[in-house]
Amino acid sequence: MGDLKLVKKFEIGEGFFDRYEKLVRDVVLPYQEKALKDQIEGAEKSHCIENFRMAAEKLKTGRCDGEFYGMVFQDSDVAKWLEGAAYSLAQNPNEELEKRCDDIIELIGEAQQKDGYLNTYFTVKEPGRRWTNLHEAHELYCAGHMIEAAVAYAECTGKSRLLDIMCGMADHIYRHFIEEGAEGYPGHPEIELALMRLYRCTRENKYKELALHFINIRGVDSHYFTKEREKRGWSVWGAHPEDVEYAQNGAPVRKQDKAVGHAVRAVYLYTGMADAAMETGDRELTEACKTLWNNITQCRMYVTGAIGSAYEGEAFTRDYHLPNDTAYAETCAAIGLIFFSNKMLYLERNGKYADVMERALYNCVLAGMQLDGTRFFYVNPLEVLPGISGEAQTHKHALPVRPKWFACACCPPNVARLLASIAEYAWHVTPETLFSNLFIGGTLDLRDSLGGKITLETEYPYHNRIKYHFEPEKETMTVSLAIRIPAWSREATILVNGRPVQCAVQDGYAYLQGSFSAGDVVAAEFDLSVRRVYTSNKVSANTGKTAIQRGPLIYCIEGVDNENDILSVSLKKDGAIRVSEYLPDKLCGICELYAEGYRETVSDDLYSFEAPSAEECQVTLVPYYTWGNRGLNQMRVWIPEKK
């Protein structure tokens, strides 16, 4: 099965993600298309489509009437947008959108050189320097994203034009690095996972061979990028190749045991490693992936599922270094963690991987996009103070409001492609078992394999019941269903036609097997009690503080709900926390929390010998993913707790 064949056979139904599917279709994709074409007033310029036009013109006439604009990896924004559009088209056929996609694909084809090479930066700006700066220039990264788009577009629309273009590019890369023996590996990993997808789509073994080549040689010569810089004599932005942590090349991948360096690069690499391990059965590679995943999730991940603590290098730092107000926590990094966890779930059927997918999705990733789909966060801090956040030298990256677009716009189309392909993460179909990982309302068409359909009905994440309705083609359909029991739920009940049943529970999944007729319903009920989360004492930023979680959702406090002053607020230890009824008109539909707390009054002096006085108050909390949608505002996830 190709990675996203399932997208064609899953139709999102009513529920939480129904709104997001429509938002991506009706708002996000059209808005981002305009951004790529520089049609959003007041937004950062993209120039992506224009770069392809200039590259095509130069190849046709020998010259072009402009200059390359943007990041060296600007092409990848178009690729991710096309991938998101492909998944949307699979769910919602749209002749006009498909025609516009086809036109862009034709332009991409016109920008491809005769030997298969495709990259507008080098075609327009640096035609004589191809493959001489793997460390900085992102040629393989851009190729990887466009390969992913090509596979998705072929599988979702049946059209192979972009796939043919990118097979040409992949063949060119194979000739250069395998047949001609060129040294080197990607500065920014991504092509490894993309080549594995291309291999599954085409069944061309050379693409798997090329993916394994880049994985296996990485870090064997940890000084390769230093040698490359000495040889090439030019630079894109003066990166330091001696920093082997930054690019995950300090040791061969099977010997790496800490998640280090640029967080997005890391999790893209680990995703490719996990996919290769799954394909080849390489136990040493599998164990390396487990070690790295555990290091991230046990020592280097925020409670929101965000990763990457530092602005400097957009990077992991050290175990338990998780500052809140200066967190980098890039949206793309959380998306990459979902990719990595998804592949780990294929490697090892353990619900902990789906738990992390859910944590990152419902909190960091959704927070990365404004509720109206037209503004985006690159950075997702866990504490924001207007006047400091986005302004102080140490906090300039932690913006308190979402911009319309970015000069480096990797995150917005990444959100679009993830949300549009959510079925791949929600369901895993194996010959033995159907795994329900994420509880996304909709209908899964399994007529080809199990002889029927299954519709998942739920108001999750704000209500606790999940229902599976069976629609067999004949009298019955025999299903082995594995339902994830979330780690946050103290208890869970599985019911068949309203009656509780005992299921075998293993590694976070409840396994239920039976023959089901039309009208049969399997239900799962979880404990949605509000829970207080605490961190290890090793996390200095959270000493004496708690975070509040209900189901998969992390909650936060915003100034607008709390007298525009969250710094004086604390929660009463063991105090009651009340859940509101569902509020459909607030922040696109939420449940608020109301906690017993205190508000302190202190002297106006910077330092004082006068002890603070405290009064009891109600503290209002909203889901973290909704913060920043009501203007400039204070926000905090980790809240002081007092008796």
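In strand β10, P500 is the bridge partner of L495, and in strand β13 the bridge partner of that residue, L495, is A523. These pairings belong to a predicted model, and the points below follow strand β9, then an open sheet of 5 strands, and finally the packing of helix α12 with helix α13.

**Strand β9 and its partners**

- Strand β9, residues 492-496, is joined by 5 bridges to strand β13, residues 521-526, and the two strands run antiparallel.
- Strand β9 is also joined to strand β10, residues 499-501, through 3 bridges, and this pair likewise runs antiparallel.
- The hairpin formed by β9 and β10 has 2 residues between the strands, and within this hairpin N497 takes a positive phi near 50°.

**The open sheet**

- The 5 strands of the open sheet follow the order β3-β4-β8-β12-β11, and their pairing is mixed.
- The edges are taken by β3 (427-429) and β11 (504-506), each of which has a single partner strand, so one side of each is left without a neighbour in the sheet.
- On average, and with direction ignored, neighbouring strands of this sheet are turned by 25° against each other.
- The edge strand β11 is connected by 3 bridges to strand β12, residues 509-517, in an antiparallel arrangement, and V505 stands opposite A510 of β12.
- Helix α14, residues 351-367, packs on the sheet, where it touches both β8 (476-484) and β12, and the direction of α14 makes about 75° with that of β8.

**Helix α12 against helix α13**

- Two packed helices are described by the angle between their axes and the distance between the axes.
- For helix α12, residues 283-299, and helix α13, residues 331-347, the axes come within 11 Å and cross at roughly 135°, which means that α12 is oblique to α13.
- The crossing in which α12 passes α13 is left-handed.
- On the α12 side the contact involves T286, C289, K290, L292, W293 and I296, which meet L337, F340, S341, M344 and L347 on the α13 side.
- Sorted by class, the residues in the contact of α12 with α13 are 8 nonpolar, 2 polar and 1 charged.

Note on methods:
Residues numbered from 1 in each chain as written. Predicted model: local features only at pLDDT ≥ 70, side-chain atom pairs only at ≥ 80, totals over all residues. Heavy atoms only, no water. Axes fitted to C-alpha atoms, helices over the stretch in contact; angles between N-to-C directions. Helix = DSSP H or I, 4+ residues; strand = E, 2+ residues; numbered from the N terminus. Parallel < 35°, antiparallel > 145°, perpendicular 65-115°, else oblique. Left-handed = near helix turned anticlockwise from the far one by under 90°. Contact = heavy atoms within 4.5 Å. Nonpolar A, V, L, I, M, F, W, Y, C, P; charged D, E, K, R; others polar. Pairing = 2+ DSSP bridges.
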